[in-house]
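Trainee: Got a minute to go through this one with me? I'd like to start with what counts as a contact.

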Amino acid sequence: MDINIKAIHFDITEKLTAFINKKVERIVRRFPSVSAADISLKVVKPETALNKQAIVRLTVPQLEEFVADKTADTFEEAVDVALEAVEKQLEKAKNKK
């Protein structure tokens, strides 16, 4: 299981990295078929309140790639909401199977 975290135009903290790893590992326990997770973090429009963007991409072999793009006040909140969205997509795909 590969977890790649990319912080675009800022330095990511250890606390944020640990938070993301913990959340992704929780999803992987529920969906063991997930082989890779790519998380991109970016600050959009620094002068506004909702300016932290998280793009979560989970790869499941033989199925597809699941992607969610969310923006929030904090990176933690954005990652949390994006992972929830991807989890719903995984659940749908699992039920279709």
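Mentor: Sure. Contact here means heavy atoms within 4.5 Å. Keep in mind that this is a predicted model.

Trainee: Okay, so what does S40 touch, not counting residues up to four places away in sequence?

Mentor: S40 touches K6, I8, Q53, A54 and I55 once those sequence neighbours are set aside. S40 lies in strand 2.

Trainee: And is S40 buried or exposed?

Mentor: Buried, with a relative accessible area of 16%. The cut-off for buried is under 20%.

Trainee: Let's zoom out to the sheet. What order do the strands have?

Mentor: The order is 1-2-3-4, in an open sheet of four strands with mixed pairing. Strand 1 and strand 4 (64-72) are the edge strands, each pairing on one side only. From one strand to the next, the twist averages 10 degrees.

Trainee: Mixed how? In which sense do strand 1 and strand 2 pair, parallel or antiparallel?

Mentor: Parallel, over seven bridges, with strand 2 covering residues 36-43. If you want a spot to look at, I5 has I39 in strand 2 as its bridge partner.

Trainee: What about strand 3 and strand 4, parallel or antiparallel?

Mentor: Those two pair in the antiparallel sense, over nine bridges. V56 stands opposite A68 in strand 4. Strand 3 and strand 4 form a hairpin with three residues between them.

Trainee: Which residue in that turn has a positive phi?

Mentor: Q62, at about 65 degrees. Most residues other than glycine have a negative phi. H9 is also worth a look: its phi is positive, about 70 degrees, although it is not a glycine.

Trainee: Where is H9, and is it buried or exposed?

Mentor: H9 is found in the loop between strand 1 and helix 1. H9 is exposed, with a relative accessible area of 81%.

Trainee: Switching to the helices. Which strands does helix 1 touch?

Mentor: Helix 1 packs on the sheet and touches strand 1, strand 2 and strand 3 (52-60). The direction of helix 1 makes about 140 degrees with that of strand 1. Helix 2 packs on the sheet too, touching strand 2, strand 3 and strand 4. For helix 2, the angle is about 150 degrees to the direction of strand 4.

Trainee: How many residues does helix 2 have, and what span does it reach?

Mentor: Helix 2 has 22 residues and reaches 32 Å from its first C-alpha to its last. That is close to the 32 Å expected at 1.5 Å a residue.

Trainee: Which residues of helix 2 are buried?

Mentor: F75, A78, V79, A82, L83, A85, V86, E87, L90 and A93. An α-helix has 3.6 residues a turn, so residues three or four places apart point the same way. What covers the buried residues of helix 2 includes helix 1, strand 2, strand 3 and strand 4.

Trainee: How many aromatic pairs are there?

Mentor: The count comes to one aromatic pair. The rings belong to F10 and F75, with centres 4.8 Å apart and planes at 10 degrees, so the pair is stacked. Planes under 30 degrees apart count as stacked. The pair links distant parts of the chain, with F10 in the loop between strand 1 (2-8) and helix 1 (14-30), and F75 in helix 2 (residues 75-96), 65 residues apart.

Trainee: What else sits over the ring of F75?

Mentor: The charged end of K52 does, 6.0 Å from the ring centre. F75 itself is buried, with a relative accessible area of 8%.

Trainee: Now A72. Where is it, and what is it in contact with beyond its neighbours within four places in sequence?

Mentor: A72 is found in strand 4. Leaving those neighbours aside, A72 is in contact with A49, L50, N51, K52, E77 and A78. A72 counts as buried at 4% relative accessibility. The C-alpha atoms of A72 and A54 are separated by 8.4 Å, with their positions 18 residues apart along the chain.

Trainee: Last one: what does A7 touch, not counting residues up to four places away in sequence?

Mentor: A7 touches I12 and L41 on that basis. A7 lies in strand 1, and A7 is partly exposed, with a relative accessible area of 25%.

Technical notes: Residues are numbered from 1 along each chain as its sequence is written. This is a predicted model: local features need pLDDT of at least 70, side-chain atom pairs count only at pLDDT 80 or more; totals for chains, interfaces and linings use all residues. Side-chain values use heavy atoms; hydrogens and water are left out. Rings of Phe, Tyr and Trp (its six-membered ring) pair if their centres lie within 6.5 Å; planes under 30 degrees apart count as stacked, over 60 as edge-to-face and the rest as tilted. Buried means under 20% relative accessible area, exposed over 50%, partly exposed in between (1.4 Å probe, protein chains only). A charge sits over a ring if NZ of Lys or CZ of Arg is within 6 Å of the ring centre and within 35 degrees of the ring normal. Two strands pair if DSSP finds at least two bridges between them. Axes are lines fitted to C-alpha atoms, for helices over the stretch in contact, and angles run from 0 to 180 degrees between N-to-C directions. The expected span of a helix is 1.5 Å times one less than its number of residues.
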